[in-house]
Each structure stands twice: as C-alpha cells, then as structure tokens.
Amino acid sequence: MSKRDKPQESTLVTAARSLDEGLERFEALAQQLQDAPLQAEKHLEKASATLKALADMDEELRARVAGLVGAISQVRDRQQTQAEAVQARAMELQQRTEIFKDLLVRYGSLGQSAGELNVRMQEFAAQRQQAKTPEENAALATSFQSLQDRMGEVADEAQSLSQAAEEKDFNDISRQAESLRQQLLSARNKLSLLQKSFGG
C-alpha cells in the first residue's frame with residue numbers, strides 16, 4: 001500500500017498523537033531548564049527564553065488537551081449512536097423472530113391438518129371401493145361432503161397464512177403455504193369427480 005493509499009487517521013488518533021508530541025517537547029524543554037547553568041548573563045537570558053517557551057507551550061498543551069477531550073466526546077457520541085442503532089436492531093430482530101415463530105407454528109398446524117386430510121382421503125377411497133349397498137353409498141356421500149368442507153377450510157387457512165407471511169415479508173413461508181393450498185385445491189377437485197358415484 002502506498003502512502004497515497006494509506007487510510008486517514010481518525011480525529012481521536014490525530015489528537016492523541018498531537019498531545020503526546022507536545023508533551024514530549026514540553027518535557028524536553030523542562031528538563032533543559034532544570035539542567036541549564038545560571039552563572040552568567042547569557043545563561044540567565046537563555047533560561048528566561050526557555051521559560052517563556054515553556055509558558056507558551058503550556059497554553060498550546062491546554063489547547064491540545066481540549067482537542068483530545070473533544071475528539072473523545074465525538075467518539076463517545078458515535079459509540080452511543082451505534083449502540084442505540086444496535087439496540088433498535090436487536091429489538092427488531094426479537095420482534096421478527098416472534099413473528100416468524102408464530103407463522104411457523106401456524107404452518108406446522110396447517111401441515112398436520114393436511115396430513116390428517118390425506119389419511120381421511122385414503123380411508124374414503126378404501127370405503128368407496130367396499131361400498132355396495134345404497135345405505136353405504138349414502139353414508140359415503142355424507143363423509144364425502146364433510147371431507148370436501150374440511151379441505152376447503154384448510155385451503156382457506158393456507159391462504160390466510162400465505163397472505164400473513166407475505167405481509168410480514170417472510171416470503172418462503174408464504175410460498176410454502178400457497179403451494180400447500182394449491183395441492184389441497186387440486187386434491188379437492190379430484191375428489192369432486194367422485195361425487196358422480198353418489199348421484200350428486
């Protein structure tokens with residue numbers, strides 16, 4: 001990575017580096033003042049100049065400290081903003097998870113209902129083959145209507161679930177529920193073809 005590509009330092013790092021460099025210069029001058037001889041006029045003049053430089057640098061250090069404090073405040077504000085955003089996202093995640101669980105429970109119940117209907121259809125097909133008398137056919141007609149009605153109810157439940165999932169942007173569950181609804185309607189239509197066997 002070239003110097004041109006080097007990422008820019010943050011305000012906090014720049015302020016801290018500036019203060020550190022200033023402190024190093026201040027400490028060096030302070031040590032120079034401590035070690036300076038005071039036996040001649042030129043010594044006194046040099047020491048006075050060093051003292052004035054230290055006084056000027058002290059003001060500069062105060063400004064650099066203030067700059068660092070300001071940079072820390074900015075970082076704190078950024079962190080607070082991010083923390084609030086994270087908290088809001090965490091709450092959204094929790095809400096979405098609860099919605100997903102509810103939809104999943106509804107889909108599981110729907111699948112169970114579809115499984116029960118499948119068993120009833122198999123039982124109906126077996127009874128239809130065994131039915132011989134008008135009374136048995138009449139009983140089958142009643143069973144047929146009950147089965148048809150239940151298939152319609154479960155198909156409506158699937159449609160309701162599909163719409164609810166779509167509104168909440170859980171498209172996978174929406175598609176699966178719609179697919180199950182289509183399967184139920186198809187099976188119901190096939191079952192309707194058997195209605196002729198009961199004269200209705």
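Arginine 62 is out in the open: in this predicted model its relative accessible area is 52%, which puts arginine 62 in the exposed class. Its side chain is not without company, though, since arginine 62 and aspartate 58 meet in a salt bridge, 3.3 Å from N to O. Aspartate 58 is partly exposed, at a relative accessible area of 28%. The two residues are 4 apart in helix 2, so about one helical turn separates aspartate 58 from arginine 62. That spacing makes sense on general grounds: an α-helix has 3.6 residues a turn, so residues three or four places apart point the same way.

This pair belongs to a set of 11 salt bridges in the structure. Another one in helix 2 links arginine 64 to glutamate 60, again 4 residues apart and about one turn of the helix. Here the closest N and O atoms are 2.3 Å apart. Arginine 64 has a relative accessible area of 18% and is buried; the cut-off for that class is under 20%. Glutamate 60, at 33% relative accessibility, counts as partly exposed.

Helix 3 has a salt bridge of its own, between glutamate 153 and arginine 150, with 3.1 Å between the closest N and O atoms. These two sit 3 residues apart in helix 3, which is also about one turn. Both ends of the bridge are partly exposed: glutamate 153 has a relative accessible area of 42%, and arginine 150 has one of 24%. Going back to glutamate 60 and arginine 64, these two join Arg25 in one network, built from salt bridges that share partners.

Next come the aromatic rings, which give a count of 2 aromatic pairs. One of them is formed by phenylalanine 100 and phenylalanine 170; the ring centres are 5.3 Å apart and the planes make an angle of 45 degrees, so the pair is classed as tilted. Phenylalanine 100 is in helix 2, while phenylalanine 170 is in the loop between helix 3 and helix 4, so the pair ties together parts that lie 70 residues apart in sequence. Phenylalanine 100 is partly exposed at 33% relative accessibility, whereas phenylalanine 170 is buried at 17%.

The other pair brings together phenylalanine 124 and phenylalanine 144, with 6.0 Å between ring centres and 40 degrees between planes, so this pair is tilted too. Phenylalanine 124 comes from helix 2 and phenylalanine 144 from helix 3, so the contact ties together parts 20 residues apart in sequence. Phenylalanine 124 and phenylalanine 144 are both buried. As for phenylalanine 170, its ring has a further partner: the charged end of arginine 96 sits over that ring, 4.0 Å from the centre.

Helix 4 takes in residues 171–192, 22 residues in total. From its first C-alpha to its last, helix 4 reaches 31 Å, close to the 32 Å expected at 1.5 Å a residue. Its buried residues are Ile173, Ser174, Ala177, Leu180, Arg181, Leu184, Ala187 and Leu191. Looking down the axis of helix 4, these buried residues fall within an arc of 155 degrees, so they line one face of the helix. What do the buried residues of helix 4 pack against? They pack against helix 2 (41–130) and helix 3 (134–167). On the face turned away from the buried side, helix 4 carries the exposed residues Arg175, Asn189 and Lys190.

Serine 162 gives a residue-level view of how helix 3 meets helix 4. Serine 162 has its place in helix 3 and is buried, with a relative accessible area of 6%. Setting aside neighbours within four places in sequence, serine 162 is in contact with Ser174, Ala177 and Glu178. Ser174 and Ala177 are among the buried residues of helix 4 listed above.

That leaves helix 1, residues 11–35. With 25 residues at 1.5 Å each, helix 1 should span 36 Å, and the 36 Å between its end C-alpha atoms agrees. Its buried residues are Ala15, Leu19, Gly22 and Leu29. Helix 2 is included in what covers these buried residues of helix 1.

Technical notes. Residues are numbered from 1 along each chain as its sequence is written. This is a predicted model: local features need pLDDT of at least 70, side-chain atom pairs count only at pLDDT 80 or more; totals for chains, interfaces and linings use all residues. Side-chain values use heavy atoms; hydrogens and water are left out. The expected span of a helix is 1.5 Å times one less than its number of residues. Buried means under 20% relative accessible area, exposed over 50%, partly exposed in between (1.4 Å probe, protein chains only). The arc is that of the directions from the helix axis to the C-beta atoms. Contact means heavy atoms within 4.5 Å. A salt bridge is a side-chain nitrogen of Lys or Arg within 4 Å of a carboxyl oxygen of Asp or Glu. Rings of Phe, Tyr and Trp (its six-membered ring) pair if their centres lie within 6.5 Å; planes under 30 degrees apart count as stacked, over 60 as edge-to-face and the rest as tilted. A charge sits over a ring if NZ of Lys or CZ of Arg is within 6 Å of the ring centre and within 35 degrees of the ring normal.
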